[in-house]
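I opened a new notebook page for this structure and wrote down what I looked up, one topic at a time.

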Amino acid sequence: AAQTNKKDQLAKEGRTIEEVVPNGWEVQSATGDLNKDGIEDFVLIVRPNDPTHIKTKDDGFEYNFNPLFLAVYFGSPSGVYKRFKVWHDTVSGREDEYTDITNELSITPKGAIDISVSSWSSMGTAATGGSTYRYRFQSGDFYLIGEESTWGNRLAAEWERTSINYLSGQKEVTSGDLITRRNLKTKQVKIKKEPLRLLGSFQM
């Protein structure tokens, strides 16, 4: 296995986000109380800056193909944030020059993590869209409790939004022109309740 340098990884603990993320890494963060102990926690999506995964175009534009990591740090009474887990291969990053994948991170007022993944292709397809995955901390880990996807054709006014609540087993599908909101059709579907999927068990 490749030797991992100390500087190539997220620190086990720190008092600030800057203290746990190595210099030069791209970082996106959100804060909130994830484990219901009244202390603020934070979640990060980071992209390392390993030069072997960075490709520079002739015009100087850099594509960073470093894989993204997701990490959760729980706050403690002492003010130190402690690393709970780091997930690799869970958040999709950019894989080629033509498809741009963006990930947005937020924490809901109830302390669930929302990760929105959207993709936009500059060639070959007018399909665009994305999904938001909602995870909640329970039974000692993070589980997928909800998912909402919107896909459509940016040239035609055909869109479909699917919203799933895994806790209640409800799925709602809305189709039509979501931009003007005309001719929208919504149907409710009951889905079979399965054990909740663990964060990290599939790639978003």
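**Surface and overall build**

I began with the outside of the chain, whose accessible surface comes to about 12,000 Å², with 50% of that area belonging to carbon and sulfur atoms. I noted at once that this is a predicted model, and I kept that in mind for every later entry. Along its principal axes, the C-alpha trace spans about 55 × 50 × 30 Å. The chain has 204 residues, and 39% of them count as buried. When I looked up the secondary structure, I found one helix and 14 strands. I also checked the contacts between residues at least 6 apart in sequence, and 40% of these join residues at least 24 apart.

**Confidence**

Next I asked where in the chain confidence is lowest and where it is highest. Among the elements, strand 5 (residues 62-64) has the lowest mean, at 86, while strand 1 (residues 13-14) has the highest, at 98. The chain averages a pLDDT of 90, and 93% of the residues score at least 70. I marked residues 1-6 separately, since pLDDT stays under 50 there and the model has one contact beyond four places in sequence for them.

**Strands and their pairing**

I then followed an open sheet of five strands, which has the order 1-7-6-3-2 with antiparallel pairing. Its edge strands are strand 1 and strand 2 (26-32), each of which pairs on one side only. Strand 1 is joined to strand 7 (residues 81-88) by two bridges, and the two strands run antiparallel. To have one pair to find on the screen, I wrote down glutamate 13, whose bridge partner in strand 7 is lysine 82.

Further along the chain I looked at strand 12 (residues 158-165) and strand 13 (residues 170-177), which run antiparallel and are joined by seven bridges. These two strands form a hairpin with four residues between them, and glycine 169 in the turn has a positive phi of about 75°. Strand 13 is also joined to strand 14 by seven bridges, again with the strands running antiparallel. Threonine 174 was a useful residue to follow here: it is the bridge partner of arginine 161 in one pairing, and its own partner in strand 14 is threonine 186.

**Nonpolar cores**

I wanted to know which residues of the largest nonpolar core touch the most other members. This core has 23 residues, and the ones I was looking for are Leu70, Ile113, Ile115, Tyr135, Phe142 and Met204. Strand 3 (41-47), strand 6 (69-74), strand 8 (99-107), strand 9, strand 10 and strand 11 each supply at least two residues of this core. I picked tyrosine 135 for a closer look and, leaving out residues up to four places away in sequence, found that it touches Ala112, Ile113, Ile115, Phe142, Tyr143, Leu144, Leu199, Phe202 and Met204. There is also a second, separate core of 12 residues, which includes Trp25, Phe42, Leu44 and Tyr81.

**Salt bridges**

How many salt bridges does a search of the whole structure find? The search gives seven, and I wrote up three of them.

In one of them, the side chains of aspartate 114 and arginine 134 meet at 2.7 Å, N to O. This pair links distant parts of the chain, with aspartate 114 in strand 9 (residues 113-121) and arginine 134 in strand 10 (residues 127-138), 20 residues apart. Are its two ends buried or exposed? Aspartate 114 is buried, because its relative accessible area is 10% and the cut-off is under 20%. Arginine 134, at 34%, is partly exposed.

In another, arginine 197 and glutamate 147 meet through their side chains at 3.8 Å, N to O. Arginine 197 lies in the segment after strand 14 (182-190) and glutamate 147 in strand 11 (residues 141-153), so this salt bridge ties together parts that are 50 residues apart in sequence. Arginine 197 counts as partly exposed, at 37% relative accessibility, whereas glutamate 147 is buried, with a relative accessible area of 14%.

My last entry is the salt bridge between the side chains of lysine 192 and glutamate 194, at 2.9 Å, N to O. Lysine 192 counts as exposed, at 64% relative accessibility, while glutamate 194, at 49%, counts as partly exposed.

Conventions: Residues are numbered from 1 along each chain as its sequence is written. This is a predicted model: local features need pLDDT of at least 70, side-chain atom pairs count only at pLDDT 80 or more; totals for chains, interfaces and linings use all residues. Side-chain values use heavy atoms; hydrogens and water are left out. A salt bridge is a side-chain nitrogen of Lys or Arg within 4 Å of a carboxyl oxygen of Asp or Glu. Buried means under 20% relative accessible area, exposed over 50%, partly exposed in between (1.4 Å probe, protein chains only). pLDDT is the predictor's confidence in each residue, from 0 to 100. Contact means heavy atoms within 4.5 Å. Two strands pair if DSSP finds at least two bridges between them. Accessible areas come from the Shrake-Rupley method with a 1.4 Å probe; for residues, only the protein chains shown count as cover. A nonpolar core is a set of buried Ala, Val, Leu, Ile, Met, Phe, Trp, Tyr and Cys residues joined through side-chain atoms within 4.5 Å.
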